Amino acid sequence: MSDLYPITLIINGNKHTAHVEPRMHLVDFLRENIGLKGSHLGCEHGVCGACTVELNGQIVRGCLTLAVQADGALVNTIEGPSESGVLEDLRSAFIRRNALQCGFCTSGILMAAKELVEQMPHATRSQVRDWISGNYCRCTGYHAIVDAICDVLTARKGL
Amino acid sequence: MKSAPFDYSKPKSVHQAIALLQQYGDDARILAGGQTLIATLNMRLSEPSLVIDISGLDELRGISLEGDFVRIGAMATHTEIEDSDLIKEFAPLLSTAAPYIAHRAIRNRGTWGGSIAYADPAAEWPTCLLALNGSVRLLGPNGERIIAVDDFFTGLYTTAIEPDEILISCDIPIAKSSHWYAFEELARRHGDYAIVGMAASANKEGDRLGQPRIVLLGVDTTPVRATKTEALLDGKRITEEVIAQAEACLRTEIDPLPDLTNSPDTKRHLAAVLLKRILSSAQSKTENNCE
């Protein structure tokens, strides 16, 4: 058993202090220590994208980030507020387009799509497909997901 | 799966990190962005007793212009390189290659230094560094060493880095107005491990390529230069006939290793396809040229 390591971080705007084992990754910490169960664990080796969370404003694989590496960081999860309103728009579009079935991948895809909409507001359909290629969905076949994200991109261009 | 337990240290100086490497030897692993290391820890392919987190070391950060070189710090992330205006202007091959690396969430964490030091033969950065004739700066207990990239990759996941040395940065000669470059890669799905890839650079004068460097990924235990094909192309006008000759030369020159789904013959064929694509891009007068 290795020593516990003290960390302090801001999760969805709230400050948390904890002692963690160095081997604990960020999503285990969020789920088990903080009780935020919205970020999911699929493969735990960086392939499936279900664990996607925001670290200091950028999406990361929560399973390939140690909780100790998030010491001093700002972490946002699917449970957090979205100041830009993008997350809300994406949620509505996903419901309208029926872009989820079992929902396991959805929180990761919404987090990834949020960064896309914020950083590439003029993304093409093909760029949307490339961007979310890092997130697996085993139910929908992706078309509805791409439709939903494109809907949000189009709607926000009119703002 | 969950990683086996390990101790964690976040040194405040490079010298502290080197001292830990000397003390722990092979029981220690350096953690940069962790996009390879943490996956191997989670799969228990690696069980170090100590993980040394170098993300707190400022001297490893940043991308800067140092005279005739672009200096890329070991901790520069793939995203920083992808989005860097300095890189677009002075090492545009890297801007072109960056989107091929995994996915944005991984590029946000993964680092240049981690990729070079890990030396995956199917990775983009080692191949680009070789194509751009860069050099690697290492720091160890006996001070700094600079190694030319041609001498750096020594075998499968093996480099010239000594066990008690840390990769600090890489220097890449800046792109002159005659600089020509190209990057192509084939994968089953965007972001997957490449089947075959190719990075190339040369001095382009008219439709002639001078001193071309043509580097392949995914065919050998390290990124490899196709030196015979380079020699064949050197100074020649890029015509359909020369392209066909170069393709034939490349097919005989390389002896690709198979992977789980692709035979040596498939890879040999695909490498020739990529060569044709990049040389065709050299024919069209302005595309991919800095002028």
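Two strands are said to pair if DSSP finds at least two bridges between them, and this idea will be needed at nearly every stop of the tour. Keep in mind throughout that the structure on your screen is a predicted model.

**First stop: the whole of chain B**

Select chain B and colour it by secondary structure, and you should find 11 helices and 14 strands. Along its principal axes, the C-alpha trace spans about 60 × 45 × 35 Å. A compact globule of 291 residues would have a radius of gyration near 19 Å, and because chain B has 19 Å, the two values agree. Of the 291 residues in chain B, 48% count as buried. If you consider the contacts in chain B with a separation of 6 or more, 61% of them come from residues 24 or more positions apart.

**Second stop: strand 12 and its two partners**

Now select residues 196-205 of chain B, which make up strand 12. Is this strand enclosed or open? A residue counts as buried if 20 or more other C-beta atoms lie within 10 Å of its own, and 8 of the 10 residues of strand 12 are buried, so the strand is largely enclosed by the rest of the structure.

Add residues 179-186 of chain B, which form strand 11, and you will see this strand pair with strand 12 in the antiparallel sense over 8 bridges. To look at one position within this pairing, show B:Ala182, which stands opposite B:Ala200 in strand 12.

Next, add strand 13, residues 208-217 of chain B, which runs antiparallel to strand 12 and is joined to it by 8 bridges. Which residue of strand 13 is the bridge partner of B:Ala200? The partner in strand 13 is B:Ile214. Strands 12 and 13 form a hairpin with 2 residues between them, and B:Gly206 in the turn has a positive phi of about 65 degrees.

**Third stop: an open sheet of 5 strands**

Turn now to another selection in chain B, an open sheet of 5 strands in the order 4-5-10-6-7, with antiparallel pairing. Strand 4 (63-66) and strand 7 (143-148) stand at the edges, and each has a single partner strand, so one side of each is left without a neighbour in the sheet. From one strand to the next, the twist averages 25 degrees.

To finish, select residues 135-140 and residues 166-173 of chain B, which are strand 6 and strand 10, antiparallel and joined by 5 bridges. Within this pair, show B:Leu139, which stands opposite B:Ile166 in strand 10.

Definitions and conventions
Residues are numbered from 1 along each chain as its sequence is written. Chains are lettered from A and ligands numbered from 1 in the order in which they are written. This is a predicted model: local features need pLDDT of at least 70, side-chain atom pairs count only at pLDDT 80 or more; totals for chains, interfaces and linings use all residues. Helices (H or I, at least four residues) and strands (E, at least two) are DSSP runs, numbered from the N terminus. The radius of gyration is taken over C-alpha atoms; the globule rule is 2.2 Å times the number of residues to the power 0.38. A residue is buried if 20 or more other C-beta atoms lie within 10 Å of its own, exposed if 12 or fewer, and partly exposed in between; C-beta atoms are placed from the backbone. Two residues are in contact if their C-beta atoms, placed from the backbone, lie within 7 Å. Axes are lines fitted to C-alpha atoms, for helices over the stretch in contact, and angles run from 0 to 180 degrees between N-to-C directions.
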